[in-house]
Amino acid sequence: DYELFAAYPHGGGAGWKAGSGAIFNLRSDKLRPAGWTSADAAGLPILAGLAIYGEAASGAIRHALRFTASCTSAHYVYPARHEAGSCGANAPPMGLRVRLKPSVNISHLPRQARIVAQALKTYGMILADNGSPWFISGAPSPHWNDDALHQLDQLSGRDFQVVDTSSLPHPGR
């Protein structure tokens with residue numbers, strides 16, 4: 001998987017320019033070297049953390065999702081490999097994993113939003129970049145129902161718990 005940041009056509013369409021690029025082998029769990037960024041600030045593969053319509057249409061998203069925060073610290077925790085601190089030390093670090101609390105009722109959400117919310121309960125989400133607060137990234141598709149997905153706006157930070165990943169084995173070190 002090749003990922004580019006700030007990519008745009010150059011030279012009358014004869015080529016492309018990008019601010020940075022990264023290559024990921026999605027068949028491996030090897031991490032990028034410590035301190036390396038990628039197309040996202042945390043140095044993680046973007047594709048692996050996207051909500052993809054085909055997964056939602058099948059009834060379940062079976063992986064953690066990526067999200068952004070407007071304010072992050074100058075630190076990172078596993079699985080992130082890079083920081084992009086925009087605030088003080090009390091802000092969350094890149095790689096922070098949070099999970100929707102089991103007690104949060106999602107039964108009233110429209111189907112697409114409920115499937116995303118269930119993934120947030122089961123697998124959580126990982127802070128991957130600076131951006132809009134609590135923004136969950138998804139691959140574009142005309143089949144997403146934006147009105148249904150905006151029902152996720154009902155969730156707040158109080159509905160999530162931090163997942164302690166410090167004891168997890170860190171593959172690829």
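## Exercises on a predicted model

In strand E8, phenylalanine 135 is the bridge partner of threonine 68. The model is predicted: local features need pLDDT of at least 70, side-chain atom pairs count only at pLDDT 80 or more, and totals for chains, interfaces and linings use all residues. Residues are numbered from 1 along each chain as its sequence is written, and side-chain values use heavy atoms, without hydrogens and water.

**Exercise 1. Lay out the sheet and place helix H2 on it.**

Step 1. Fix the terms. Helices (H or I, at least four residues) and strands (E, at least two) are DSSP runs, numbered from the N terminus. Two strands pair if DSSP finds at least two bridges between them.

Step 2. Write the order. The open sheet has 5 strands, arranged E8-E5-E7-E6-E9, with mixed pairing. The edges are E8 (135–136) and E9 (160–162), each pairing on one side only.

Step 3. Check one pairing. E5 (residues 65–69) and E8 run antiparallel, joined by 2 bridges.

Step 4. Add the helix. H2 (residues 111–122) packs on the sheet and touches E5, E6 (97–100), E7 (125–130), E8 and E9. Contact here means heavy atoms within 4.5 Å. The direction of H2 makes about 120° with that of E6. Axes are lines fitted to C-alpha atoms, for helices over the stretch in contact, and angles run from 0 to 180 degrees between N-to-C directions.

**Exercise 2. Find the residues with the most contacts inside the largest nonpolar core, and the element that gives the most to it.**

Step 1. Define the set. A nonpolar core joins buried Ala, Val, Leu, Ile, Met, Phe, Trp, Tyr and Cys residues through side-chain atoms within 4.5 Å. Buried means under 20% relative accessible area, exposed over 50%, partly exposed in between (1.4 Å probe, protein chains only).

Step 2. Read off the core. The largest one has 32 residues, and Ile61, Leu100 and Leu120 have the most contacts inside it.

Step 3. Assign elements. E5, E6, H2 and E7 each supply at least two residues of this core. H2 gives the most, with 6 residues.

Step 4. Expand isoleucine 61. Leaving aside neighbours within four places in sequence, its contacts are Ala51, Glu55, Ala56, Ile115, Val116, Ala119 and Tyr123.

**Exercise 3. Locate the disulfide and describe its geometry.**

Step 1. Search. A disulfide is a pair of cysteine sulfur atoms within 2.5 Å. The whole structure yields 1.

Step 2. Identify. Cysteine 71 joins cysteine 87, with S to S at 1.6 Å. The link is left-handed, with -135° about the S-S bond.

Step 3. Place the ends. Both cysteine 71 and cysteine 87 sit in the loop between E5 and E6, 16 residues apart. Cysteine 71 is partly exposed at 26% relative accessibility. Cysteine 87 is partly exposed at 34%.

**Exercise 4. Classify two aromatic pairs and trace a ring cluster.**

Step 1. Set the criteria. Rings of Phe, Tyr and Trp (its six-membered ring) pair if their centres lie within 6.5 Å; planes under 30 degrees apart count as stacked, over 60 as edge-to-face and the rest as tilted. The search finds 3 aromatic pairs.

Step 2. Take tyrosine 53 and tryptophan 144. They are edge-to-face, at 5.6 Å centre to centre and 85° between the planes. Tyrosine 53 lies in H1 (residues 53–58) and tryptophan 144 in the loop between E8 and H3 (146–149), so the pair ties together parts 91 residues apart in sequence.

Step 3. Compare burial. Tyrosine 53 is partly exposed at 25% relative accessibility, whereas tryptophan 144 is buried at 12%.

Step 4. Take tryptophan 134 and phenylalanine 160. They are stacked, at 5.1 Å centre to centre and 20° between the planes.

Step 5. Trace the cluster. Ring pairs link Phe67, Trp134 and Phe160.
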